[in-house]
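Trainee: Could we take a close look at the aromatic rings in this one? I'd like to go through them pair by pair.

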Amino acid sequence: MADKKATLHLPGQEPIELPIASGTAGYDVIDISTLGSHGYFTYDPGFMATASCQSNITYIDGDNGILLYRGYPIEQLAKSANYLEVCYLLLYGEAPTAKQFEKFQHNIMRHTMVHEQLSSFFKGYRRDAHPMAIVCGVIAGLSAFYHDPMDITDQSHREIAAHRMIAKLPTIAAMAYKYSIGQPFVYPRNDVSYAGNFLQMMFAVPCEDYKVNPIVERAMDRIFTLHADHEQNASTSTVRLAGSSGANPFACIAAGIASLWGPAHGGANEACLTMLEEIGSVDRIPEFIARAKDKDDPFRLMGFGHRVYKNFDPRATVMRETCHEVLDDLKIEDPLLDVAMELERIALSDPYFVDRQLYPNVDFYSGIVLKAVGIPSSMFTVIFALSRTVGWMSHWNEMMSDSKQKIGRPRQLYTGAPERDFHTQVEK
């Protein structure tokens with residue numbers, strides 16, 4: 001906290017001095033926590049200029065295309081660390097030593113099984129239910145299995161909850177997929193990598209051996225890493241707000257999953273594939289490009305540009321390389337992938353897109369990769385939730401460790417009717 005102060009002049013009151021806090025990086029923050037005592041609140045729809053918490057987990061500089069996990073650039077982590085190393089980093093604040101990682105990996109991979117009774121939860125859903133609906137419900141259901149012995153004020157209990165969540169999300173996600181296609185659930189294996197385990201639970205069947213493609217395995221691991229956290233976004237803020245009441249962490253994660261489901265958030269790569277299906281073939285691209293450039297046409301290209309990153313998305317740089325590695329290795333002939341690659345070429349060369357920074361973003365490339373490896377678009381947001389679980393748990397734990405933590409209570413600008421007397425119009 002710096003000694004700098006901002007002076008606020010309010011009608012009919014003496015000037016108010018508000019402390020200005022400086023973080024490690026980014027904008028300074030005016031502390032307005034005492035403003036309510038002066039009869040005023042701030043109004044900030046979408047919290048575009050409001051810091052809801054103090055955090056040391058993730059930093060984003062959208063203007064310069066920077067994303068840091070605990071100070072480490074995302075590009076370095078995606079290329080030099082695997083997902084479980086990143087999980088350890090986000091949870092504990094430092095990269096693990098070899099011994100620490102071995103213990104952590106052991107703990108995670110031995111929590112991958114779920115209670116056998118949990119499989120009956122799936123039978124309550126229609127076979128054509130969206131996998132996000134199923135995962136959201138099943139994760140909330142975990143609170144019934146891990147509630148009584150959990151003390152969320154105990155750091156060791158919170159650590160166990162985090163391990164369980166990171167370990168069980170791939171299992172539950174794969175179960176949701178298997179249920180939707182009528183195949184038997186595949187049990188997790190502890191002798192393969194985290195990403196490899198997820199792939200074998202998704203695609204293996206009991207009647208034959210399944211071998212994980214190492215190129216696909218690495219691509220999936222990178223997708224997990226690139227989506228592991230993204231600062232105070234809608235779903236993370238939802239987890240924090242739910243957790244501020246002292247709710248069970250599994251219920252908090254279910255709330256985050258519900259928030260993530262929206263097409264403006266985690267559903268972006270699914271929306272991107274839906275767009276590619278609408279375009280259908282390369283020869284129709286000029287028509288849709290023209291529509292995208294027409295300000296009076298409601299159509300817009302999904303997977304291009306980003307609300308936060310104004311010049312480029314650092315995650316997309318890594319994901320583009322991975323995307324082309326997967327396509328080159330699998331040699332898939334798919335008209336939608338042809339459409340995607342032509343759209344990429346246009347977006348990177350057409351002055352209209354270049355001048356407006358409408359570059360292909362991480363959702364564009366990750367959607368193509370998931371499509372190429374055989375994962376249906378309905379599962380895209382589920383995989384996002386799987387990846388983001390460690391970020392949610394890291395923020396939840398950080399909040400629960402904060403001595404200044406209070407239950408969230410946003411204010412409002414009331415625009416309804418003033419106080420008035422009620423006179424019934426109903427005959428008695």
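Which residues do ring pairs link into a cluster?

Mentor: Keep in mind that this is a predicted model. The cluster you're after is made of Tyr83, Tyr194, Phe198 and Phe224, joined by ring pairs. Across the structure there are 15 aromatic pairs, so let's pick out a couple and go through the geometry. A pair of rings is described by how far apart the centres are and by the angle of the planes.

Start with Phe288 and Phe299: the ring centres are 5.2 Å apart and the planes sit at 65°, and since over 60 degrees counts as edge-to-face, that's what this pair is. Phe288 belongs to helix α12 (residues 285–293), while Phe299 is in the loop between α12 and α13 (314–330), so the contact ties together parts eleven residues apart in sequence. Both rings' residues are tucked away: Phe288 is buried at a relative accessible area of 2%, and Phe299 is buried at 10%.

Now take Phe304 with Phe364. Here the centres are 4.9 Å apart and the planes at 50°, so you'd call the pair tilted. This one links distant parts of the chain, 60 residues apart: Phe304 is in the loop between α12 and α13, and Phe364 is in helix α16 (residues 362–372). Phe304 counts as buried at 9% relative accessibility, and Phe364 is buried too, at 0% relative accessible area.

One last ring contact brings in a charge: the charged end of Arg127 sits over the ring of Tyr179, 4.1 Å from the ring's centre.

Note on methods:
Residues are numbered from 1 along each chain as its sequence is written. This is a predicted model: local features need pLDDT of at least 70, side-chain atom pairs count only at pLDDT 80 or more; totals for chains, interfaces and linings use all residues. Side-chain values use heavy atoms; hydrogens and water are left out. Rings of Phe, Tyr and Trp (its six-membered ring) pair if their centres lie within 6.5 Å; planes under 30 degrees apart count as stacked, over 60 as edge-to-face and the rest as tilted. Helices (H or I, at least four residues) and strands (E, at least two) are DSSP runs, numbered from the N terminus. Buried means under 20% relative accessible area, exposed over 50%, partly exposed in between (1.4 Å probe, protein chains only). A charge sits over a ring if NZ of Lys or CZ of Arg is within 6 Å of the ring centre and within 35 degrees of the ring normal.
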